[in-house]
Amino acid sequence: GMNAAVRAVVRMGIYVKAKVYFVYEGYQGMVDGGDNIVEVSWESVSSILQVGGTVIGSARCKAFRTREGRLQAAYNLVQRGITNLCVIGGDGSLTGANLFREEWSGLLEELAQKGKIDEEAVKKYAYLNIVGMVGSIDNDFCGTDMTIGTDSALHRIIEVVDAIMTTAQSHQRTFVLEVMGRHCGYLALVSALACGADWVFIPEYPPEEGWEDSMCVKLSENRARKKRLNIIIVAEGAIDCHNKPITSEKVKDLVVQRLGFDTRVTILGHVQRGGTPSAFDRILASRMGVEAVLALLEATPDTPACVVSLSGNQAVRLPLMECVQMTQEVQKAMDEGRFVEAVRLRGRNFENNLNTYKLLSHKKPDAELPKTNFNVAVLNVGAPAAGMNAAVRAAVRVGITEGHKMFAVIDGFEGFARGKIKEISWGDVGGWTGQGGSILGTKRTLPAKYLEKIADQMRTNNINALMVIGGFEAYLGLLELSAAREKYDEFCVPMVMVPATVSNNVPGSDFSIGADTALNTITDTCDRIKQSASGTKRRVFIIETMGGYCGYLANMGALAAGADAAYIFEEQFDIRELQANVEHLTEKMKTSIQRGLVLRNENSNENYTTDFIYQLYSEEGKGVFDCRKNVLGHMQQGGAPSPFDRNFGTKISAKAMQWISKKLKETYRKGKVFANTDDSVCLLGIRRRNLVFQPVAELKNETDFIHRIPKEQWWLKLRPLMKILAKYKTSYDVSDSGQLEHVARHSPKEAETGAI
């Protein structure tokens, strides 16, 4: 994702009429000067979006750690009149940048004394502004939800785990996987959550004394339950509670000696740093890059050096040194054995991951489970979306842990009416996280025409609560069921919906399960198409995406793939705009970038169809470029879920199940559950930074029912971003840019309510 950040900084910089320079090879290049610091143009960053690593190179630099080195670096910058630095790196690079900034005026004085620069220059370049972006696959930087590169590293890990699972399944093997993270267990923890690993070792949360026994018991129990494989994930920095390292070899030997299982070790190593960046990382880095330029423009000598980061889906700016100090505090807490504190300092995101993992990975013996005598049914509604199965698994396991009897409904509301309902156990959902589509089966049918039959089934099976995982139909379905409460008492039970649809068009939530996977599919395909176009030269591709009337996939896909335009329903376009786009592409063909990419949402306009746009472009581009079109179709609904969707599905669904338990307790009176208030039919969504339960009745006002989209959508404010990065003259609304905030130290209480 670093290249996406570099591209965004360069293009946004040029857009605000600044001169932009590359410093090659990190601080080493800044110290060496010469050809390592060069001015760049718009085209310099073309075609780098899909490339892993960084095109400007990166190096560890001993010289910059000395004052002499920094003196030389300051001289090289002043020579070119550079006083704004954008640094992409981990906490080491950012701490170095901050020191450089603090010493800047002293360094200039010294250069003037040595006669290398004149007094005029000392006055003119008196201040150095710095803004940081955190690029680190470990996600080990406090204050940021996600660092650039983390999501892509998770993609690499999950690809490997999925591949290993098939071989382990065949041979009944145990695999010990070692993932990166010398001081931070984020990658290990999240990949364990995303693949349902049997055991995970991370530096922040060492296992209790006697873990060897409990791990072996757990592994043999799983085998006894007919589970043919075991996966154990070890972070390279894993330790026990005496701060002694736990290595993957040690874990393997233990399993072989005690259990005699056929066990293999796989060390993923630098695979995790490589490969093409995921859609999430490209969008994150592009947003951060633009935000970084805005932060530099607004910086004054009095503002502290800041890092731009994401909190939820909100861009924020945080004082660099506050983040660095907190990051170092985590390490200190671990060194001193204060592990609970270390987990808390990592932030609520990390803490939530850990709690969810603990909840889902170990089944308590039946004797220890509470018995509530409540029956809860889970169903999928709408079109299939990757990550639905992870959500069902989490719901079933949390439900069982809370003491309920869990039922699975096959084929949505239609299956419900036909009595396709069966009890589902802890073991039944093993291995579901990595499966695409919907294992329970799903239908778009709404419940209205089956109300009587569904009520019968609810009564027959004594269902006390409903959990619906699905898209817009699921939302409409819950509205219909709650309207039918007057007539049927059976529907007077707590009901909750978890949004899962590739279109991301459910009101009340900024994201829905499955959209990230679809976005990655679109991005991968666009990468391939761009590659074919750059071979043939002077070719423009028009690509149609799914999404109904919701332009999320087209818009975000365009941002992630570096498209020239995206036509969406939410932003009406006319023939003049189409003409302007054609002219824009004609101009582009005169440069060295001789290819174009245009995305169109399937329902963006009933008359300007994909064929129409293709024919228009073909005619207008005659002699300058030729055109091809591609309809992506149902491949956007399939495929293995991305790490984001597995995790999002798992966490949001676990949360929804806990809400059901709470509501069941509240509404249980005189031997039965009776819930007929609006707040007992909710949709659980992510809004900005928090997970919120919203009554579906209240969401009606926020919904455009004709076009099946929310009236207000957060991602529309990223439209100008895509246009700027594609070189359109447009105005960028700065009102949404981050204000400087302070690093929030959350209390343990917050982790229960808060973010994902």
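R538 sits in the loop that links helix 18 (515-536) to strand 16 (539-545). In this predicted model, R538 has a positive phi of about 50° although it is not a glycine. With a relative accessible area of 38%, R538 is partly exposed, because that value falls between the 20% cut-off for buried and the 50% cut-off for exposed.

Another loop residue can be read in the same way. K17 lies in the loop between helix 1 (2-15) and strand 1 (21-23). Phi of K17 is near 65°, again a positive value in a residue other than glycine. The relative accessible area of K17 is 76%, so K17 is exposed.

A further positive phi leads into a sheet. R688, with a positive phi of about 50°, is in the turn of a hairpin formed by strand 22 and strand 23, which have two residues between them. Strand 22 covers residues 681-687 and pairs with strand 23 in the antiparallel sense over six bridges. Within this pair, L683 has Q694 of strand 23 as its bridge partner.

The hairpin belongs to an open sheet of seven strands, whose order is 13-12-11-14-15-22-23 and whose pairing is mixed. At the edges stand strand 13 (421-423) and strand 23 (690-695); each has a single partner strand, so one side of each is left without a neighbour in the sheet. On average, neighbouring strands of this sheet are turned by 25° against each other, direction ignored. At the strand 13 edge, strand 12 (residues 405-409) is joined to strand 13 by three bridges, and the two run antiparallel. There, F407 stands opposite E423 in strand 13.

From the sheet, the view can widen to the whole chain. The secondary structure of the protein comes to 25 helices and 25 strands. Its radius of gyration is 27 Å, close to the 27 Å that the globule rule gives for 756 residues, so the protein is as compact as a globular protein of that length. The C-alpha trace spans about 90 × 70 × 50 Å along its principal axes. Of the contacts between residues at least 6 apart in sequence, 78% join residues at least 24 apart.

Next come surface and interior. The protein exposes about 29900 Å², and carbon and sulfur atoms supply 50% of this area. Of the 756 residues, 59% count as buried. In soluble globular proteins, nonpolar side chains tend to be buried together.

Here the largest nonpolar core has 169 residues, and those with the most contacts inside it are I233, M467, F491 and Y552. Helix 10 (residues 279-298) gives the largest share of this core, twelve residues. Apart from this core lies another, of 48 residues, among them V23, L85, I130 and L320.

What does I233 touch, not counting residues up to four places away in sequence? The residues touched by I233 are L177, V179, A188, S191, A192, C195, A197, W199, V200 and F201. I233 is thus a convenient place from which to view the larger core, being one of the residues with the most contacts inside it.

Key
Residues numbered from 1 in each chain as written. Predicted model: local features only at pLDDT ≥ 70, side-chain atom pairs only at ≥ 80, totals over all residues. Heavy atoms only, no water. Pairing = 2+ DSSP bridges. Helix = DSSP H or I, 4+ residues; strand = E, 2+ residues; numbered from the N terminus. Axes fitted to C-alpha atoms, helices over the stretch in contact; angles between N-to-C directions. Rg over C-alpha atoms; globule rule 2.2 N^0.38 Å. Buried < 20%, exposed > 50% of the residue type's maximum accessible area, 1.4 Å probe, protein only. Contact = heavy atoms within 4.5 Å. Areas by Shrake-Rupley, 256 points an atom, 1.4 Å probe, with all protein chains shown as cover. Core = buried A, V, L, I, M, F, W, Y, C linked by side-chain atoms within 4.5 Å.
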